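Please open the structure in a viewer and keep the sequence at hand. The tour below proceeds by selection, with a short account of what each selection shows.

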Amino acid sequence: MAQGVQIQVIRGRDLRDPRWTPPWTDPLGFAAMSAQKRAAILACPLLTDEDQPVQLIGTIGGRGSVAVGRLDLIPGRLNVAGQEAPILWGSEWFVPPEHRGTLVGVSLLLRSQQLGYNLGAHGPSQMALPVYQKLKWSDVPLTRWILIRRSRSVVERYLGRGLHSRAVASVIDAGLWAQRRAVRALVGGATRGLTCRAVGSCPPELDAPIARVIDSGKITSHRSVAWLNWVLAHSFDTDPRTRRVLYLVNSAGGRAVGYVLAKVRFFPVATHRGFRDLLLGSVQDWMAFDPQAADERRLILLGVDQVSRLGVDAVEVCVQSEAAGRTLRRLGCLRAGTMHLMFKAAAKSPLARPEFQRPGAWDARPGDGDNLLF
């Protein structure tokens, strides 16, 4: 623990109590949860214990201490070789610039490791990733693929704004229009006999097929009708352009054979490359109830096609398997780095067994953790 830093643990019961007030001051105004995030965590079907930690706050000073760091904890659950294992997903790990010399960020992570839970962090920033690595968290890498649908943001990044960049973008977009037609032809041929429709909520009869897939022998994050409907109904983001769409995939006979869950989010500035005003669509989650009818490849193809129709500038998909990567490359997707799922197993958890520390033991999705809620 960094000298002079105290870590305060906020639990579910504190978050639920409207009379609870924090025993610290927050002059920089960063420590309090937004009303949207608080409501989402309290409604989470996996928050089953009121004593469960939901936030860590780093403070300095004695009486009248000041908040200097924050780490939110989202309740989750893993299926590890048929055993359920609770996990806390890190969210909004943040230290204001003026306090980063205090090592409070590391102190927050070290304190989280003492809570007795499995811990996860999905999609940490380039600044945060080395810290997880130094603390010996295990890494499950997912390759990020991007399909460009509109070129304006990319062109303006390198040519600036103006008539010249608009002219260049219009020429490139004409080529992208032709590519869209080719993509739809490819998707149509590969997914013949399948239909895909957006629904406002997941029907309860899908709980049984979802449960059968989750118990697949690999490490999988919890999925259920209740969890899917929670994700669809809540968001940490207040931007009206942010939305989630659930697509049910049916066979020619009308039987549900899988689902795809997508997200659209607006980025004023996207990635370290500085692309501005980017509306990004992401294929975040998918599940095949009948792999013979709709395997991972077909679901990803359907997901990319559906997200492309939402008026986005680009479509993102992050996958583990090389086969899925080859499919995305054939669609014209560009490889764009890596998303990391970092985890730290609790000492007594089945997740701590050596065979579960390797990436191949996981069946990870980009929507694991808190990614779907932003």
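The second largest cavity of this predicted model has a volume of about 50 Å³. To display its lining, select Leu71, Leu73, Leu88, Gly90, Leu109, Ser112, Leu119, Gly120, Ala121, Tyr132 and Trp137. By class, 8 of these lining residues are nonpolar and 3 are polar, while none is charged. Colour next by element: β3, β4 (83-94), α3 (104-112) and β5 (118-122) each contribute at least two residues to this lining. The largest share, 3 residues, belongs to β5.

Keep Tyr132 and Trp137 selected, as both line the second largest cavity, and add Trp93. Together, Trp93, Tyr132 and Trp137 make up one aromatic cluster.

Turn now to the largest cavity, one of 2 cavities of 30 Å³ or more found in the whole structure. Its volume is about 100 Å³. Which residues lie nearest its centre? Select Gly76, Trp89, Arg223, Trp227 and Gly369, which hold that position among the 15 residues of the lining. Two elements, β3 (66-80) and α8, give two or more residues to this lining. The greatest contribution is that of β3, with 4 residues. The lining of the largest cavity comprises 7 nonpolar, 5 polar and 3 charged residues.

The next selections concern aromatic rings, of which the whole structure holds 7 pairs. Select tryptophan 20 and tryptophan 24: their ring centres are 6.2 Å apart with 70° between the planes, an edge-to-face arrangement. Are these two residues buried or exposed? Tryptophan 20 has 32% relative accessibility and therefore counts as partly exposed, whereas tryptophan 24, at 12%, counts as buried.

Proceed to phenylalanine 236 and phenylalanine 374. Their ring centres lie 5.1 Å apart and their planes meet at 80°, so this pair is also edge-to-face. Phenylalanine 236 is in the loop between α8 (225-233) and β9 (243-250), and phenylalanine 374 is in the segment after β13 (334-344); the pair therefore ties together parts that are 138 residues apart in sequence. Both phenylalanine 236 and phenylalanine 374 are buried.

With phenylalanine 236 still displayed, add lysine 37, which lies over the face of that ring at 4.8 Å from the ring centre. For the final stop, select arginine 241 and phenylalanine 266. Here arginine 241 lies over the face of phenylalanine 266, at 3.7 Å from the ring centre.

Note on methods:
Residues are numbered from 1 along each chain as its sequence is written. This is a predicted model: local features need pLDDT of at least 70, side-chain atom pairs count only at pLDDT 80 or more; totals for chains, interfaces and linings use all residues. Side-chain values use heavy atoms; hydrogens and water are left out. Rings of Phe, Tyr and Trp (its six-membered ring) pair if their centres lie within 6.5 Å; planes under 30 degrees apart count as stacked, over 60 as edge-to-face and the rest as tilted. Buried means under 20% relative accessible area, exposed over 50%, partly exposed in between (1.4 Å probe, protein chains only). A charge sits over a ring if NZ of Lys or CZ of Arg is within 6 Å of the ring centre and within 35 degrees of the ring normal. On a 1 Å grid over the protein atoms alone, a cavity is a set of points where a 1.4 Å probe fits but cannot get out, and a pocket is an open set with protein on both sides within 12 Å along at least five of seven lines; lining residues have an atom within 4 Å of a point. Grid points are joined across faces, edges and corners, and a volume is the space filled by probe spheres set on the points. Ala, Val, Leu, Ile, Met, Phe, Trp, Tyr, Cys and Pro count as nonpolar, Asp, Glu, Lys and Arg as charged, and the others, Gly among them, as polar.
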